[in-house]
Amino acid sequence: ARAIVALVGRPNVGKSTLFNRMAGLRKAIVEDTPGVTRDRIYEQAEWAGREFIVVDTGGIRFEEGDILAPEVKKQSELAIEEADVIVMVVDAREGVTPEDEMVAGILRRANKPVVLAANKVEDFKKHLGYLDFYRLGLGEPIPVSAIHGMNTDELLDAVIALL
Ligand code: GDP
Ligand code: MG
């Protein structure tokens, strides 16, 4: 079976944007499925000759009273369970939030290889605030801009190194 890479993190950090970009890498090489829907949760990806499945999740949310929260949280937990490598996505512009800390706690307990993607960093040589995410205890944060595809090659190198 092909290795599974799951994207997890609280809502709105850029998981789906990163997912589209990772899935798009394969499309750039194999142009045999035009118009493939972009809203699927599972998609094939390839980097440096290595094929894997990338999984997007709705995001782990913890607020009380949010009727969707338990379902979304469950979805993320299942994704973590089946994953070989997890990419935790955070929003470097917002900094570390309590939700990030809770997601990180789940991942530390999951005992699976994790790559920490500090997203929305459009100028990582100038803005070093993303280094604050070190405190999540998941290793070195890799600054990326999913929307512009900046430094996503570094992220993918880190992911396939753990497959
Ligand atoms: P998700 O809820 O984690 O799946 O996040 P989305 O992929 O839906 O993105 C949430 C918002 O963040 C959208 O408005 C995106 O356009 C924006 N976004 C995603 N990636 C980036 C990025 O690299 N830089 C910036 N500035 N915005 C981004
Ligand atoms: Mg999304």
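**Figure 1. Aspartate 91 and lysine 120 meet through their side chains in a salt bridge.** The model shown here is predicted. The N to O distance in this pair is 3.1 Å. Aspartate 91 sits in strand E4, which spans residues 85-91. Lysine 120 belongs to the loop between strand E5 (114-119) and strand E6 (141-143). The two lie 29 residues apart in sequence, so their pairing ties together separate parts of the chain. Is aspartate 91 buried or exposed? Aspartate 91 has 4% relative accessibility, so it counts as buried. Lysine 120 has a relative accessible area of 26% and is partly exposed.

**Figure 2. A salt bridge links aspartate 100 and arginine 10.** Their side chains meet at 3.1 Å, N to O. Where do the two partners lie? Aspartate 100 is part of helix H3, residues 98-110. Arginine 10 is in the loop between strand E1 (3-8) and helix H1 (15-29). Parts of the chain that are 90 residues apart in sequence are therefore tied together by this pair. Both residues, aspartate 100 and arginine 10, are buried.

**Figure 3. Arginine 135 and aspartate 132 form a salt bridge.** The side chains meet with an N to O distance of 3.0 Å. Arginine 135 has 53% relative accessibility, so it counts as exposed. Aspartate 132 is partly exposed. Its relative accessible area is 39%.

**Figure 4. Salt bridges that share partners build one network.** Which residues does the network join? They are Arg10, Glu94 and Asp100. Two of these, arginine 10 and aspartate 100, are the buried pair of Figure 2. Side chains of opposite charge can pair when their charged atoms come close. How many salt bridges does the whole structure hold? A search finds eight.

**Figure 5. The chain around these sites has four helices and six strands.** Along the sequence, the pattern runs β-α-β-β-α-β-α-β-β-α. The chain has 163 residues, and buried residues make up 47% of them. Consider the contacts with a separation of 6 or more. Of these, 68% come from residues 24 or more positions apart. The accessible surface of the chain is about 8,400 Å². Carbon and sulfur atoms account for 51% of that surface.

Conventions:
Residues are numbered from 1 along each chain as its sequence is written. Chains are lettered from A and ligands numbered from 1 in the order in which they are written. This is a predicted model: local features need pLDDT of at least 70, side-chain atom pairs count only at pLDDT 80 or more; totals for chains, interfaces and linings use all residues. Side-chain values use heavy atoms; hydrogens and water are left out. Buried means under 20% relative accessible area, exposed over 50%, partly exposed in between (1.4 Å probe, protein chains only). Contact means heavy atoms within 4.5 Å. Accessible areas come from the Shrake-Rupley method with a 1.4 Å probe; for residues, only the protein chains shown count as cover. A salt bridge is a side-chain nitrogen of Lys or Arg within 4 Å of a carboxyl oxygen of Asp or Glu.
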